[in-house]
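Biologist: I'm new to this structure and would love a close look at a single part of it. Could you pick one spot, take me through its surroundings, and then show me how the rest of the chain fits around it?

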Amino acid sequence: MREEPGRFHEDAAGRRAAGELEAAVLAVLQAAGSPLSPGEVRDRLGGDLAYTTVVTILSRLHGKGVLDRRKAGRAFLYTPVADEPGLAARRMARVLDAEPDREAVLTRFVSGLSGTDEELLRRMLGEDGG
């Protein structure tokens, strides 16, 4: 079951888990269906986040290539560059691009797939012989 944006798990010191805030911000933007300002993201997250914290997270996600932004008055409007499957595919491509032996990485990846996922990949590649 998916958690609502704005719901965070905190450790004993009251800090959010690493990446959890980024994931919540991204979920808000994906659910919005249109570009949002940092203030709109903050409002949709709820809670007591500082505006500057939201701006920092949005800037970080933009720097990672996950969000596009365009100037609107004094602020930026942010939107995801892709849906969730598209973002996962981009992450996988970046990991593959960082490795010198692509064949070895792909071989290990495929060998670690479940039978169902391997069959799906074979069908997608047209290698199922049927």
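Modeller: Happy to! Let's begin at Val81, which is found in the loop between β2 and α4 (84–97). Please keep in mind that this is a predicted model.

Is Val81 buried, exposed or partly exposed? With a relative accessible area of 28%, Val81 is partly exposed, because only values under 20% count as buried and only those over 50% as exposed. Leaving out residues up to four places away in sequence, Val81 touches Gly65, Val66, Leu67, Asp68, Leu87 and Arg90. His62 is 19 residues away from Val81 in sequence, and their C-alpha atoms are 9.3 Å apart in space.

One of those contacts, Gly65, leads us to the next element. Gly65 comes just after α3 and takes a positive phi of about 80 degrees. Helix α3 itself covers residues 51–63, which makes 13 residues. From first C-alpha to last, α3 reaches 18 Å, close to the 18 Å expected at 1.5 Å a residue.

Which residues of α3 are buried? They are Val54, Ile57, Leu58 and Leu61. These four cover an arc of only 95 degrees around the axis, which puts them on the same side of α3. The spacing follows a general rule: an α-helix has 3.6 residues a turn, so residues three or four places apart point the same way. On the face turned away from the buried side, α3 carries the exposed residues Thr52 and Gly63.

What covers the buried residues of α3? The cover includes two helices, α1 (20–32) and α2 (38–45), and two strands, β1 (67–72) and β2 (75–80).

Let's visit α1 through two of its neighbours of α3. Glu22 is found in helix α1. At 14% relative accessibility, Glu22 counts as buried. Beyond its close sequence neighbours, up to four places away, Glu22 touches Ile57, Arg60, Leu61 and Lys64. Val25 touches Val41, Leu45, Ile57, Leu58 and Leu61, with residues up to four places away in sequence again not counted.

Val25 also brings us to the largest nonpolar core, which has 18 residues. The residues with the most contacts inside this core are Val25, Leu29, Val41, Leu45, Leu58 and Leu67. Three elements, α1, α2 and α3, give two or more residues to the core. The largest share, 6 residues, comes from α1.

Now for α2. Its buried residues are Pro38, Val41 and Leu45. Seen down the axis of α2, they fall within an arc of 60 degrees, so they line one face of the helix. These buried residues pack against α1, α3 and β2. After α2 comes Gly46, whose phi is positive, near 70 degrees.

The loop between α1 and α2 is worth a stop too. Leu36 has its place in this loop and is buried, with a relative accessible area of 2%. If we set aside its neighbours within four places in sequence, Leu36 is in contact with Val28, Leu29, Val41, Arg44, Phe76, Leu77 and Tyr78. Leu36 and Ala75 are 39 residues apart in sequence, while their C-alpha atoms are 10.0 Å apart in space. Ser37 is placed in the loop between α1 and α2 as well, and it is buried at a relative accessible area of 15%. Not counting residues up to four places away, Ser37 touches Phe76 and Leu77.

Phe76 has charged company over its ring. Arg69 lies over the face of Phe76, at 4.2 Å from the ring centre. The charged end of Lys71 also sits over the ring of Phe76, 4.9 Å from its centre.

Finally, let's step back to the whole chain. How many helices and strands are there? The secondary structure comes to 6 helices and 2 strands, and from the N terminus on the elements run α-α-α-β-β-α-α-α. Of the 130 residues of the chain, 22% count as buried. Among contacts between residues at least 6 apart in sequence, 38% join residues at least 24 apart. To return to our starting point, Val81 sits in the loop between β2 and α4, with Gly65 and Leu87 among the residues it touches.

Methods:
Residues numbered from 1 in each chain as written. Predicted model: local features only at pLDDT ≥ 70, side-chain atom pairs only at ≥ 80, totals over all residues. Heavy atoms only, no water. Expected span 1.5 Å × (residues − 1). Buried < 20%, exposed > 50% of the residue type's maximum accessible area, 1.4 Å probe, protein only. Arc of directions from axis to C-beta. Contact = heavy atoms within 4.5 Å. Lys NZ or Arg CZ within 6 Å of the ring centre and 35° of its normal. Core = buried A, V, L, I, M, F, W, Y, C linked by side-chain atoms within 4.5 Å.
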